[in-house]
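Happy to walk through this one with you. Let's take the labels one at a time and ask what stands behind each.

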Amino acid sequence: MRRISPVLLLVLALAGAAVGFLVDHALTTAGRATFTPSIVLPIFLVLLAAAVLALAWPIRRSTRTAARARVDPFRAVRIAMLARASSLVGAVITGFGIGLGAYLLSRPIAPPLGSIIATALAALVLTVAAVIAESFCLLPGDGPPDPDGQNGPRLEDDDDDSRAAADPGH
């Protein structure tokens, strides 16, 4: 398993921005009020970011200390997948909030942007926290380079059995 790609996060944010812009445009064209997220959404996103970091911290502590404790690999993978999903959702919501704000700023009347800016910033916090939490679930890469050319840290679920089976010298 590899780290989440920053390019993927950027593409999702751009897609979210396009959807946010088009949703507000469609609502305005239909004569309805523009979409304004509830103030509860940014609060929820920040709490989710804190929860993801809190769940990943024990794994980081046990893999980075001198006395390495045994980490349940299934738990580490679940937390890594939660972090990955949170980063994807955070990127989409960040883009969506930016798209909403961009549409409202293109209108002649100055709109209230408070909850939209708060949502975009909270989603950005979630994305950053999730990427950090995913890195907490990586094993330290302080060994010789892998024989198959993969350098750097590995996620907790990467196993060495597949490499040993592929290497006839063992």
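**Reasoning through the labels**

There are five helices and two strands in the chain of this predicted model. Their order along the sequence is α-α-α-α-β-β-α. Of the 170 residues, 35% count as buried.

Q: Why is Thr 127 called buried?
A: Its relative accessibility is 9%, and buried means under 20%, so Thr 127 earns the label. This residue lies in helix α4.

Q: Which residues does Thr 127 touch, leaving out those up to four places away in sequence?
A: Thr 127 touches Leu 9, Ser 87, Gly 90, Ala 91 and Thr 94.

Q: Why does Ile 132 count as partly exposed?
A: Good one to check by hand. The class sits between buried, under 20%, and exposed, over 50%. Ile 132 has 36% relative accessibility, so partly exposed is the right term. You will find Ile 132 in helix α4, which spans residues 114-136.

Q: What makes the nonpolar surface patch, and how big is its area?
A: Ile 117, Leu 121, Leu 124, Val 128 and Ile 132 make the patch, with an area of about 430 Å². A patch residue needs over 30% relative accessible area; Ile 132, at 36%, therefore passes that step. As for the whole chain, about 10,000 Å² is exposed, and carbon and sulfur atoms supply 69% of that area.

Q: What makes up the largest nonpolar core?
A: Eleven residues do: Val 52, Ala 56, Ile 59, Val 71, Ala 76, Ile 79, Ala 80, Ala 83, Ala 133, Phe 136 and Cys 137. To belong to a core, residues must be buried and joined through side-chain atoms within 4.5 Å. Helices α2 (40-64), α3 (73-105) and α4 each supply at least two residues of this core. Helix α3 gives the largest share, four residues. A second, separate core has seven residues, including Ala 49, Ile 93, Ala 122 and Leu 126. In soluble globular proteins, nonpolar side chains tend to be buried together.

Q: What is Val 52 in contact with, leaving aside neighbours within four places in sequence?
A: Val 52 is in contact with Leu 82, Ala 83, Ser 86, Ala 130 and Ala 133.

Q: How many aromatic pairs are there, and what makes Phe 21 and Tyr 103 one of them?
A: The count comes to three. For Phe 21 and Tyr 103, the ring centres are 5.2 Å apart, and the limit for a pair is 6.5 Å. The planes stand at 85 degrees; over 60 counts as edge-to-face, so that name applies. Phe 21 belongs to helix α1 (residues 6-29) and Tyr 103 to helix α3, 82 residues apart.

Q: How do you know whether Phe 21 and Tyr 103 are buried or partly exposed?
A: Set each value against the 20% cut-off. Phe 21 has 33%, so it is partly exposed. Tyr 103 has 4%, so it is buried.

Q: Why is the pair of Phe 35 and Phe 96 called edge-to-face?
A: The angle between their planes is 70 degrees, and over 60 is what the term requires, so the label holds. The centres lie 5.9 Å apart. Phe 35 is in the loop between α1 and α2 while Phe 96 is in helix α3, so the pair ties together parts 61 residues apart in sequence. Phe 35, at 36%, is partly exposed, and Phe 96, at 23%, is partly exposed as well.

Definitions and conventions
Residues are numbered from 1 along each chain as its sequence is written. This is a predicted model: local features need pLDDT of at least 70, side-chain atom pairs count only at pLDDT 80 or more; totals for chains, interfaces and linings use all residues. Side-chain values use heavy atoms; hydrogens and water are left out. Buried means under 20% relative accessible area, exposed over 50%, partly exposed in between (1.4 Å probe, protein chains only). Accessible areas come from the Shrake-Rupley method with a 1.4 Å probe; for residues, only the protein chains shown count as cover. Patches are made of residues with over 30% relative accessible area and no salt bridge: like charges are joined within 9 Å, nonpolar side chains (Val, Leu, Ile, Met, Phe, Trp, Tyr) within 5 Å. A salt bridge is a side-chain nitrogen of Lys or Arg within 4 Å of a carboxyl oxygen of Asp or Glu. Contact means heavy atoms within 4.5 Å. Rings of Phe, Tyr and Trp (its six-membered ring) pair if their centres lie within 6.5 Å; planes under 30 degrees apart count as stacked, over 60 as edge-to-face and the rest as tilted.
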